[in-house]
Every structure is written in structure tokens, then in C-alpha cells.
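Here is a walk through a set of coordinates, taken one piece at a time. Keep the viewer open and follow along.

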Amino acid sequence: MNEFSGTFAISASGMKAQAERIRFLSENIANADTPGYRRKTAGFEAEMRGGKPTGLVVIGPPKLDQRPLERVYDPGHPLADESGYYDGSNVDLVVEIADAREAQRSYEANLRMFDQARQMSQSLLQLLRR
Amino acid sequence: MDLRSSIAAQNYAASRPATAARPAPDESGGLERLAQDFARTLEQGERTALAAMSGGADPHALVQALAQTELAVETAVTVRNKVVEAYQEILRMPV
């Protein structure tokens, strides 16, 4: 049953990673109007133990998107400079929604793998029942 | 004559170990380890469930631990049923 246990662990790590990714996405969307906010992207990394990959995936430290910040014209804003512009955030809502959909699909894929491993183990044990 | 009988005795002595019962492989260690493994899986499932209820563990770990526990319990129950079935089969044997 070791392989099935390993599959459970790997699928669970994938689901956890996608859940963390969607947390970063919600953070980006919540801060879409924050001046000077740079969008965060989740860095997926293969987990290493003793210098060898274990097959699990972990989320590393978030990376900040280095695209230029959006220049917003609003002379009445307290952060506006002499020309009337201030730095907004570089969050693009369309990109965030597409990314969120991708995270959802990846989560579902991991969920299916988990369920499949469970069904396989159960049908293997079913052989002994009759 | 004497020579042949001594050779026969030697051959017999040499073939005796072949008919002796082989020492049983140490199965108790394996079974014990299996039981300990099973107990540990169960214990981890319980601990994770407890942690998830009190907000310590994430739900993925809970589901993973419970699925592993389910798998372990099912395996144990199936093997036990098989063993009991075999024992009853022996008991039913006409002597």
C-alpha cells in the first residue's frame, strides 16, 4: 500500500499548493487598487529531501511581478506628483481571473488523481472479499 | 560388505538433514512491524483529525490522513476475515 500512500501524499501536496496559489490570487485581486502594489505569483518548487526530489510540490516564497506599475492620472490624489500622476498597482484582473481558473482546474486534476488512487486500492482489496 | 554398509550409513546420515523440518523464518517480527505500522497510521489519522478540528492542520492533510487510515483499516479487516475464514475451513474438516 506504500505506492497508494505516496499518491495520496503527492496529490494532497498538489491540492495544497493550488490552494496557496489561489490565496495569492485573491490577495492580488483585493489589492488591485492599492497604490504601489506589485502582483504576487506563487513559485512552485519540487520538494527536496536529502538532495533528492520527493515528488511532492511546495510553494516557495512569492515572487513579485516586476512589470512597471500603472500610472494613474488623478491630481486630487494625496500620492500624486507634480504632473498629477501616481503609481497604481500592476494587477490585471483579466490575468488574475484566468490564473484562478487554471488553479481551479489543476486542483480538480489533483482531486481526481486522489480519488482514482483510492478507488484503485479499494478494488484491489475487493479481490480478497469474495 | 563392511565397506558398503558404512557407505550406506554415511549416505543416510548425510540425507537426514534434507528431511528435517526447516527452521521457520522469523515471521513474528514482520507481523509485529505490520501491526505497529497499522497502529501508527491510525494514530496519525486521529491526531490530524484532532488538529483539524481545533484549526491546527489544513483540510488536505486531514483528508489524506483519513484516506490512509481508511485504506489501512480496510486492509486489516479484509486480511482478518480471510484468516478467520481459513480457520473455520480447517475446523469444518472431517477427521
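What follows goes from one chain to the other, then to the contact between them, and ends with a hairpin. Before anything else, keep in mind that this is a predicted model.

Let's begin with chain B. Its secondary structure consists of three helices, with zero strands, so reading from the N terminus you simply meet α-α-α. Burial is worth a look too: of the 95 residues in chain B, 11% count as buried.

Now to the helices of chain A. Two packed helices are described by the angle between their axes and the distance between the axes. Take α1(A) and α2(A): their axes come within 9 Å and cross at roughly 165°. Angles over 145 degrees count as roughly antiparallel, and therefore α1(A) and α2(A) are roughly antiparallel to each other. The handedness of this crossing is left-handed. If you sort the residues of the contact by class, you get 15 nonpolar, eight polar and three charged.

While you're on helix α1 of chain A, stop at G6(A), which is found there. Is G6(A) buried or exposed? Somewhere in the middle: with 14 other C-beta atoms within 10 Å, G6(A) is partly exposed, because that label covers counts between the exposed limit of 12 or fewer and the buried limit of 20 or more. For a sense of distance, try G6(A) against R105(A): they are 99 residues apart in sequence, and their C-alpha atoms are 22 Å apart in space.

Next, look at where the two chains touch. On the chain A side 13 residues are in contact with twelve residues of chain B. The elements of chain A that give two or more residues to this side are α1 (2-30) and α2 (93-129). Which of them gives the most? That is α1(A), with seven residues. By class, the chain A side splits into eight nonpolar, two polar and three charged residues.

So who does α1(A) meet across the interface? One partner is helix α3 of chain B, residues 59-91. The axes of α1(A) and α3(B) come within 9 Å and cross at roughly 165°, which makes α1(A) roughly antiparallel to α3(B). Here α1(A) passes α3(B) in a right-handed crossing. To see the contact in your viewer, select F4(A), S5(A), F8(A), A9(A), A12(A), M15(A) and K16(A) on α1(A), then H60(B), A61(B), V63(B), Q64(B), A67(B), Q68(B) and L71(B) on α3(B). By class, the residues of this contact are nine nonpolar, four polar and one charged.

Last stop: the strands of chain A. Strand β2 (residues 44-49) pairs with strand β3 (residues 52-59) in the antiparallel sense, over five bridges. The two strands form a hairpin with two residues between them, and G50(A) in the turn has a positive phi of about 65°. How many of the six residues of β2(A) are buried? The count is zero, and the strand is hardly covered.

E45(A), which lies in β2, makes a good example. It is partly exposed, with 14 other C-beta atoms within 10 Å. Its bridge partner in β3(A) is V58(A). Leaving aside neighbours within four places in sequence, E45(A) is in contact with V58(A) and G60(A). Finally, P61(A) is 16 residues from E45(A) along the chain, and their C-alpha atoms are separated by 9.7 Å.

Definitions and conventions:
Residues are numbered from 1 along each chain as its sequence is written. Chains are lettered from A and ligands numbered from 1 in the order in which they are written. This is a predicted model: local features need pLDDT of at least 70, side-chain atom pairs count only at pLDDT 80 or more; totals for chains, interfaces and linings use all residues. Helices (H or I, at least four residues) and strands (E, at least two) are DSSP runs, numbered from the N terminus. Two strands pair if DSSP finds at least two bridges between them. Two residues are in contact if their C-beta atoms, placed from the backbone, lie within 7 Å. Ala, Val, Leu, Ile, Met, Phe, Trp, Tyr, Cys and Pro count as nonpolar, Asp, Glu, Lys and Arg as charged, and the others, Gly among them, as polar. Axes are lines fitted to C-alpha atoms, for helices over the stretch in contact, and angles run from 0 to 180 degrees between N-to-C directions. Angles under 35 degrees count as roughly parallel, over 145 as roughly antiparallel, 65 to 115 as roughly perpendicular and the rest as oblique. A crossing is left-handed if the near helix is turned anticlockwise from the far one by less than a right angle, and right-handed if clockwise.
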